[in-house]
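Colleague: I have just opened this entry and would appreciate a guided tour. Could we begin with the place where the chains meet?

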2 protein chains.
Amino acid sequence: MQVRRVTVRSRKCEVILPDEDVTQAAHSPTIVDVATRAGVSRATASRALGHYGRIAPATIKRVEQAAEALGYRPNELARAMRIGITKTIGLVIITDFTNAFFDRVTKAIVDEAKLHGYQVLITNTDEDSEIERQAVETLLEKQVDGLIVVPSLSKNYDHLGAAKLGGRPIMLIDRRLDNLPFTAIITDDFAGAQNAVRHAISLGHKRLGFLISAASVENVTAQRPAELVSTVFDRTEGFLRGAFDAGIKRSDQHWIFCEDEPKSSEAAVASLLDRPNPPTIIFTSNNDMALAVLKVAGNRRLTIGRDISLVTVDDSQWAAAIVPGITVIARPVEEIGRLAVQRLLSEIADPGQPTEIVVLPTTLIARDSVANLYLEGFRSS
Amino acid sequence: MQVRRVTVRSRKCEVILPDEDVTQAAHSPTIVDVATRAGVSRATASRALGHYGRIAPATIKRVEQAAEALGYRPNELARAMRIGITKTIGLVIITDFTNAFFDRVTKAIVDEAKLHGYQVLITNTDEDSEIERQAVETLLEKQVDGLIVVPSLSKNYDHLGAAKLGGRPIMLIDRRLDNLPFTAIITDDFAGAQNAVRHAISLGHKRLGFLISAASVENVTAQRPAELVSTVFDRTEGFLRGAFDAGIKRSDQHWIFCEDEPKSSEAAVASLLDRPNPPTIIFTSNNDMALAVLKVAGNRRLTIGRDISLVTVDDSQWAAAIVPGITVIARPVEEIGRLAVQRLLSEIADPGQPTEIVVLPTTLIARDSVANLYLEGFRSS
DNA sequence: CCAGTTTGCGAGAACGATCTCGCACTGGTG
DNA sequence: CACCAGTGCGAGATCGTTCTCGCAAACTGG
């Protein structure tokens, strides 16, 4: 990459010191410096600034003035080491963009944490279980007070067990982890998916396509893989149940499982559209797949919401703004983040609460990407 | 919000201890525990695990086995305090979604940092200068080794000066900060914008609309506000220069400055389209504005790339996938993040390097949202 | 066989905060 | 005047590491 570099000024290091005292420009002042300047001991200075213990009001004032003059800022590391609380939580997450989960939940977590005086150490696992293990370990070494984890697909959860061992609580978000006694904040993806199918059927759709993202699959397959991330699993089950309840025949259910690669998912969409009796609507398990539908449909000059219908999971600004608006199963992503922080902090303050799985409801936002086939029939007659 | 709660199991606390030693289940083992078990002193244990100093190979093995058996994990807090390095950098950023800057750059920074053994403490300022001040202060108290900051619009940079005081380096990203001697990684938004106008003009566009987001403006105005974020400022200048170079009359340049609110920006778009001689193309300074164009055009049954053209800044997956694809001024967001981390770590390792402003080039990705008016003219004739 | 070097290890001092303890001083009371 | 409670403050321990220093044992060579 070509880079244009502009040197603005060679740093001349003319820094305005907070006080006339230039003797120690290098190291930032400690509480000893404050104490010396105020003419008291370390202990008294600490009491004065921490407002605890027995101390004369006049001394407090003197110490505070000294601290102010020196520009004293406490070393949170030392403080944390002494009192055993870092006021920091670790976030182990999978940074993927299209689903607008990572960014929304991260913002919610960071903001909610700050509201309670906590900072967030963030790590990305890229859906790799080994990286996740290391990330958890590193965060624990950094002495975080608790962890929020989007668990990656894995069979081995030893590292999460070890996490408990340190006595520090963990909250799982977005995905369930069966057989693990942790609190999890998830969404009711089963009901959401079921509901979406019901909606489509009410608009006259009878041949349904399901485009399911599956990390464990290579390329594309019609065979349902044994392993699915819990969210995708639940969506799949919900779609299935919706179709079953409406009495849709198996031959009118077009299932495709495919890896999260543009090429694969676009091929999958194409294969759906090329079938003899193609589906009139495609349900996608995430936004990557939905974008593939948009792309392939666009290339074929098919109009979404007329020639082919679409429903996906997770709302986004573009889904609302484009024409036609995309009908989505919206999940309360910010609520997940906020709840996770609140419960984590509650668990930190008061450990030993019973674990539970909190399931937040989803909302179907009906826009125009699902055609009303009754209306179409009426129109064409 | 209604919540379905499912208590999975009341934690029965049957934790498998890493060793038969049950005497101290509460506190995680320290190096003293390891030393005791290995029958050596603290110092020797530290040497064995840290692989430094003079130590017998047999002792190393004994200590390592003890550490393994106890499940010893070093306390990074204590370590950091002793050696004065936390291996943590602070990220002060504005979490906004539509521009796909926050999430992409965050991922890049987190990943690049991890590559070098660093963790990232993240804070959100919501474009508020006072919050930014506090965030920087908190991060410095947490003893981060350096800071990466997306500076919020402000006149007061005292807190950034104070940051230097602690001797810890800062990297600015995304936005320039004039008059401040910091290294900044930004993009060539001027050239990018100029180039985009040139492209449009080459396709026959002569009446140009510019929709500029301006935080300091209330609602909508045609008056250019005195204060613009540097990125938006540069884009504005670039648009202006492109129009000037092509000899576009002032009366054919339709400028609108508006706050970052859907209502305002949609009103702004409407007012552009309602003019007597409306622009054939709208350049937007960010994706919020672009989505407003999509929405209003959709409501009016105008087709993007035919009835009205559109160019915006920052590429995204949806801009590539929808029909028509949106022509964008793509910025190397990941490169910004990576470079920022690299230079920050370099500055941490070897302080006193000259500051400079690094300007990364943008790329115009031409898709179909810009109509070829020559072709149109040809077609309609 | 002894002086000198090398080797392995432990005692103790940091890092910067908090917190317990007890000392000295004040002032009130019998 | 003696006693006691209360007040303000400082000495020192502590959190869990790392690192300097010096000591003793082992090894070397003349």
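**Pairing across the chains**

Modeller: Let us start with one residue pair: A:Ile122 has B:Val120, in strand S3 of chain B, as its bridge partner. Please keep in mind that this is a predicted model.

Colleague: In which sense do strand S3 of chain A and strand S3 of chain B pair, and over how many bridges?

Modeller: The two strands, residues 119-124 in chain A and residues 119-124 in chain B, pair in the antiparallel sense, over 3 bridges.

Colleague: How many residues of each chain are in contact?

Modeller: On the chain B side 81 residues are in contact, and they meet 81 residues of chain A. The area buried between the two chains is about 7,400 Å². Carbon and sulfur atoms give 61% of that area.

Colleague: How many salt bridges does the rule find across this interface?

Modeller: The rule finds 6 across the interface of chain B and chain A. One of them joins the side chains of B:Glu137 and A:Arg73, at 3.5 Å from N to O. The polar contacts between chain B and chain A amount to 20 residue pairs, with both residues at pLDDT 80 or more.

Colleague: Which element of chain B gives the most to the side that touches chain A?

Modeller: That is helix H5 of chain B, residues 102-115, with 8 residues. Sorted by class, the side of chain B that touches chain A has 37 nonpolar, 24 charged and 20 polar residues.

Colleague: Now to symmetry. What rotation superposes chain B on chain A?

Modeller: A rotation of 180 degrees does so, with 0.1 Å of shift along its axis and an RMSD of 0.1 Å. The two copies are therefore related as by a two-fold rotation axis.

Colleague: Which C-alpha of chain B is nearest the axis?

Modeller: It is the C-alpha of B:Leu121, which is 2.3 Å from the axis. Moreover, the same surface serves both copies, since 100% of the contact residues of chain B recur in chain A.

Colleague: Let us move inside one chain. What is the strand order of the open sheet in chain A?

Modeller: The sheet has 7 strands in the order S8-S9-S7-S10-S11-S12-S14, with mixed pairing. Strand S8 (220-221) and strand S14 (363-365) of chain A are its edge strands, each pairing on one side only. In chain A, S8 runs antiparallel to strand S9 (residues 253-258), and 2 bridges join them. Within S9 of chain A, A:Phe257 stands opposite A:Thr221.

Colleague: And in chain B, what is the order there?

Modeller: In chain B an open sheet of 7 strands has the order S8-S9-S7-S10-S11-S12-S14, again with mixed pairing. Strand S8 (220-221) and strand S14 (363-365) of chain B each have a single partner strand, so one side of each is left without a neighbour in the sheet. Further in, strand S7 (residues 208-213) and strand S9 (residues 253-258) of chain B pair in the parallel sense over 6 bridges. There B:Ser213 stands opposite B:Cys258 in S9 of chain B.

Colleague: Back to salt bridges. How many are counted over all chains?

Modeller: The count comes to 42 over all chains. Among them is the one in which the side chains of A:Arg331 and A:Asp189 meet, at 4.0 Å from N to O. A:Arg331 lies in the loop between strand S12 (327-330) and helix H13 (333-349) of chain A, while A:Asp189 is in helix H8 (residues 189-202) of chain A, so this pair ties together parts that are 142 residues apart in sequence.

Colleague: One last topic, the backbone. Is the peptide bond from A:Val323 to A:Pro324 cis or trans?

Modeller: That bond is cis, with omega near 0 degrees. A:Pro324 is in the loop between helix H12 (317-321) and S12 of chain A. In chain B, the bond from B:Val323 to B:Pro324 is cis, with omega near -5 degrees.

Colleague: What is the phi of A:Arg301?

Modeller: A:Arg301 has a positive phi of about 60 degrees, although it is not a glycine. Most residues other than glycine have a negative phi. A:Arg301 lies in the loop between helix H11 (287-299) and strand S11 (309-313) of chain A.

Conventions:
Residues are numbered from 1 along each chain as its sequence is written. Chains are lettered from A and ligands numbered from 1 in the order in which they are written. This is a predicted model: local features need pLDDT of at least 70, side-chain atom pairs count only at pLDDT 80 or more; totals for chains, interfaces and linings use all residues. Side-chain values use heavy atoms; hydrogens and water are left out. Contact means heavy atoms within 4.5 Å. Buried area is the accessible area (1.4 Å probe) that two parts lose on being put together, summed over both. A polar contact is a pair of N or O atoms within 3.5 Å; within protein, one must be able to donate a hydrogen and the other to accept it, and residues adjacent in sequence count only if both atoms are side-chain atoms. Helices (H or I, at least four residues) and strands (E, at least two) are DSSP runs, numbered from the N terminus. Ala, Val, Leu, Ile, Met, Phe, Trp, Tyr, Cys and Pro count as nonpolar, Asp, Glu, Lys and Arg as charged, and the others, Gly among them, as polar. Two strands pair if DSSP finds at least two bridges between them. Copies are superposed by least squares on the C-alpha atoms of residues with pLDDT of at least 70 in both.
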